[in-house]
Amino acid sequence: SVSATPGWIGRIHFDGRPRTDMVLGWDGPARNHPDWLALRAANTALGEIGLGGRIGRVLRDEKGIADYAWTSVGGGSGPGASFVRAGIDPGKTDEALAAIREILGAVSAEGITDAELLDAKTLLTGELAHRYETNLSIAGFLADLEHWKLGAEYPKKHAALVDALTRERVAEAAKTWIRPDAIGVTAGPR
């Protein structure tokens, strides 16, 4: 049986694999929760864009122990799944886990830097333009607006909502939602 004890890590062993895949997860907000956009900004700093975030920089660039790392935050109709995923050198799993928890703890406790907030605002503002690239993506975006009850005016408000994000607002959302004691699973060689 799976324990829900904070910090629990299950380990599944598959010999012959070149790396250990790791997932740490916790509940995130629903898409229409007031914290969602601010938490997306914090997630951008953590690693939404993959190895470019804090987790990827530490695990790959500084420690040289990760093939990949990325993060995601909730966004479903109820509490959504938020997680960190990483591909780790099999002999460095505990080191990677400690580093990830340290980074999650720092963002949860302190928020993000001015530079990270600027990067997040650029990403969050620019991603809306991609929703208008094809007829299919436009249709999907319109369906999302309706599903989440964001209203037809949301595209006009989005840039202002992103621009209004402050480090303090992002820190508040991060403190509420980011869980350094996330439960997780690793799968890889012994």
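Biologist: Where is Thr 44 found, and is its side of the chain buried or exposed?
Modeller: In this predicted model, Thr 44 is found in helix 1. Its relative accessible area is 6%, and the limit for a buried residue is under 20%, so Thr 44 of helix 1 counts as buried.

Biologist: Which residues does Thr 44 touch, if residues up to four places away in sequence are not counted?
Modeller: With those sequence neighbours set aside, three residues remain in contact with Thr 44, and they are Gly 53, Ala 120 and Leu 123.

Biologist: At what angle do the axes of helix 1 and helix 4 cross?
Modeller: The axes of the two helices come within 9 Å, and helix 1 passes helix 4 in a right-handed crossing. Measuring tools aside, the angle computed for the crossing of helix 1 and helix 4 is roughly 115°.

Biologist: Which residues of helix 1 and helix 4 make the contact, and how do they divide by character?
Modeller: At this crossing, of right-handed sense, helix 1 contributes Leu 37, Arg 40, Ala 41, Thr 44 and Ala 45, while helix 4 contributes Glu 116, Ala 120, Leu 123, Leu 124 and Glu 127. By character, the residues of this contact divide into six nonpolar, one polar and three charged.

Biologist: Which residue forms a salt bridge with Glu 48, and is that partner buried or exposed?
Modeller: The closest N and O atoms of the pair are 2.7 Å apart, and Glu 48 itself, at 24% relative accessibility, counts as partly exposed. The partner has a relative accessibility of 8%, so it counts as buried; the residue in question is Arg 40.

Biologist: How many salt bridges does a search of the whole structure find?
Modeller: One of them joins Arg 19 and Asp 21, with the closest N and O atoms 3.0 Å apart; here Arg 19 is partly exposed at 27%, whereas Asp 21 counts as buried at 15%. For the whole structure, the number of salt bridges found is 16.

Biologist: Which residues are joined into one network by salt bridges that share partners?
Modeller: A salt bridge that can be looked at beforehand is that of Asp 181 and Arg 179, where N and O are 4.0 Å apart. The network itself arises where salt bridges share partners, and its members are Arg 17, Arg 19, Asp 21 and Asp 67.

Biologist: Which residues of helix 2 are buried, and what covers them?
Modeller: Helix 2 runs over residues 54–62, and its buried residues are Arg 54, Ile 55, Gly 56, Val 58 and Leu 59. Helix 2 is followed by Gly 64, whose phi is positive, near 65°. The cover over the buried residues includes helix 1, strand 3, strand 4, helix 3 and helix 4.

Biologist: How far apart in space are Ala 106 and Ser 137?
Modeller: Ala 106 is found in helix 3, where it touches Arg 54 and Gly 111 when residues up to four places away in sequence are not counted. Along the sequence, Ala 106 and Ser 137 are 31 residues apart, and from C-alpha to C-alpha their separation in space is 36 Å.

Biologist: In which sense does strand 5 pair with strand 1, and in which with strand 2?
Modeller: Strand 5 covers residues 183–188 and pairs with strand 1 over five bridges in the parallel sense, with Gly 184 as the bridge partner of Ile 9. Strand 2 and strand 5 also pair over five bridges, and there the bridge partner of Val 23 is Val 185. The sense is therefore parallel for strand 1 and, for strand 2, antiparallel.

Biologist: Why is one side of strand 1 and of strand 3 left without a neighbour in the sheet?
Modeller: The five strands form an open sheet of mixed pairing, in the order 1-5-2-4-3. Strand 1 and strand 3 each have a single partner strand, so one side of each lacks a neighbour, and the reason is that both stand at the edges.

Biologist: Which strands does helix 3 touch where it packs on the sheet?
Modeller: Neighbouring strands of this sheet are turned by 15° against each other on average, direction ignored. Helix 2 packs on the sheet by touching strand 3 and strand 4, and its direction makes about 170° with that of strand 3. Helix 3 packs on the sheet as well, its direction making about 25° with that of strand 2, and the strands touched by helix 3 are strand 1, strand 2, strand 4 and strand 5.

Definitions and conventions:
Residues numbered from 1 in each chain as written. Predicted model: local features only at pLDDT ≥ 70, side-chain atom pairs only at ≥ 80, totals over all residues. Heavy atoms only, no water. Buried < 20%, exposed > 50% of the residue type's maximum accessible area, 1.4 Å probe, protein only. Helix = DSSP H or I, 4+ residues; strand = E, 2+ residues; numbered from the N terminus. Contact = heavy atoms within 4.5 Å. Salt bridge = Lys/Arg side-chain N within 4 Å of Asp/Glu carboxyl O. Axes fitted to C-alpha atoms, helices over the stretch in contact; angles between N-to-C directions. Left-handed = near helix turned anticlockwise from the far one by under 90°. Nonpolar A, V, L, I, M, F, W, Y, C, P; charged D, E, K, R; others polar. Pairing = 2+ DSSP bridges.
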